[in-house]
Amino acid sequence: MATLIYILNGPNLNLLGTREPEVYGRTTLDEIESACHSFAADHGVEVKFLQSNHEGQLIDWIHEARGQSASILINPAAFTHTSIAIRDALSACTAPTVEVHLSNIHRREPFRHLSYVSQVATGVICGFIIIGTKMAGVSPETTL
Ligand code: DQA
């Protein structure tokens with residue numbers, strides 16, 4: 001059975017491509033998903049690529065990934081800075097977790113500097129627009 005990786009995307013990321021392109025780039029979420037699937041196929045990995053604007057849905061997917069996903073890549077979007085519930089759900093997973101942000105949250109508004117998710121993530125990649133998702137996928141830690 002192929003190694004399975006969950007790639008979870010939080011609120012407003014469905015608007016990528018047209019949402020503040022000067023911050024997040026012009027690549028759409030569909031294009032990111034296609035790139036992830038082809039990258040995964042090249043590496044014999046299966047990807048579940050999901051997006052939700054709802055905190056509870058993201059938590060349910062983290063629970064689903066628990067025990068069956070080799071790793072979790074997550075861009076929790078605005079929930080990064082607010083959600084102890086997502087942090088706790090990730091903390092209950094033993095799989096390596098990579099937190100990914102398109103923008104460099106540390107050079108933006110002060111409210112984006114706090115990430116609850118970083119406290120339980122194996123690693124964090126931010127500021128490389130869509131290349132970050134690829135970088136997270138190639139880390140040997142994430143594809144065990
Ligand atoms: C983001 C950064 C967050 O602060 C923001 O709320 C997002 C996207 C990023 O990918 O840069 O929605 O996670």
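**Exercise 1.** Determine how many residues line the largest pocket of this predicted model, and which of them lie nearest its centre.

*Solution.* The lining of the largest pocket consists of 14 residues, and those nearest the centre are Arg19, Tyr24, Ala77, Ala78 and Arg112. Sorted by class, this lining comprises 6 nonpolar, 5 polar and 3 charged residues. The space in the largest pocket amounts to about 160 Å³, and the ligand takes up the space of this pocket.

**Exercise 2.** List the residues around the ligand, and sort the shell by class.

*Solution.* Begin with the residues from Arg19 to His81, where the shell includes Arg19, Tyr24, Asn75, Ala77, Ala78 and His81. Continue with His101, Leu102, Ser103, Ile105, Arg108 and Arg112, which are also around the ligand. Sorting the shell by class then gives 5 nonpolar, 4 polar and 3 charged residues.

**Exercise 3.** Identify the polar contacts that oxygen atoms of the ligand make with Arg19, Ala78 and His81, and state how much of the ligand the protein covers.

*Solution.* Apply the cut-off first: a polar contact requires a pair of N or O atoms within 3.5 Å. In the side chain of His81, an N or O atom lies 2.7 Å from an oxygen atom of the ligand, while for the side chain of Arg19 the corresponding distance from a ligand oxygen to an N or O atom is 3.0 Å. At Ala78 the partner is a polar backbone atom, 3.2 Å from an oxygen atom of the ligand. Finally, of the 320 Å² of accessible area that the ligand has on its own, the protein covers 99%.

Conventions:
Residues numbered from 1 in each chain as written. Predicted model: local features only at pLDDT ≥ 70, side-chain atom pairs only at ≥ 80, totals over all residues. Heavy atoms only, no water. Near = heavy atom within 4 Å. Polar contact = N/O pair within 3.5 Å; in protein donor to acceptor, adjacent residues only side chain to side chain. Areas by Shrake-Rupley, 256 points an atom, 1.4 Å probe, with all protein chains shown as cover. 1 Å grid on protein atoms, 1.4 Å probe; cavity = no way out; pocket = protein on both sides within 12 Å on 5 of 7 lines; lining within 4 Å. Sits in = over half its atoms within 2 Å of the grid points. Nonpolar A, V, L, I, M, F, W, Y, C, P; charged D, E, K, R; others polar. Points joined across faces, edges and corners; volume = space filled by probe spheres on them.
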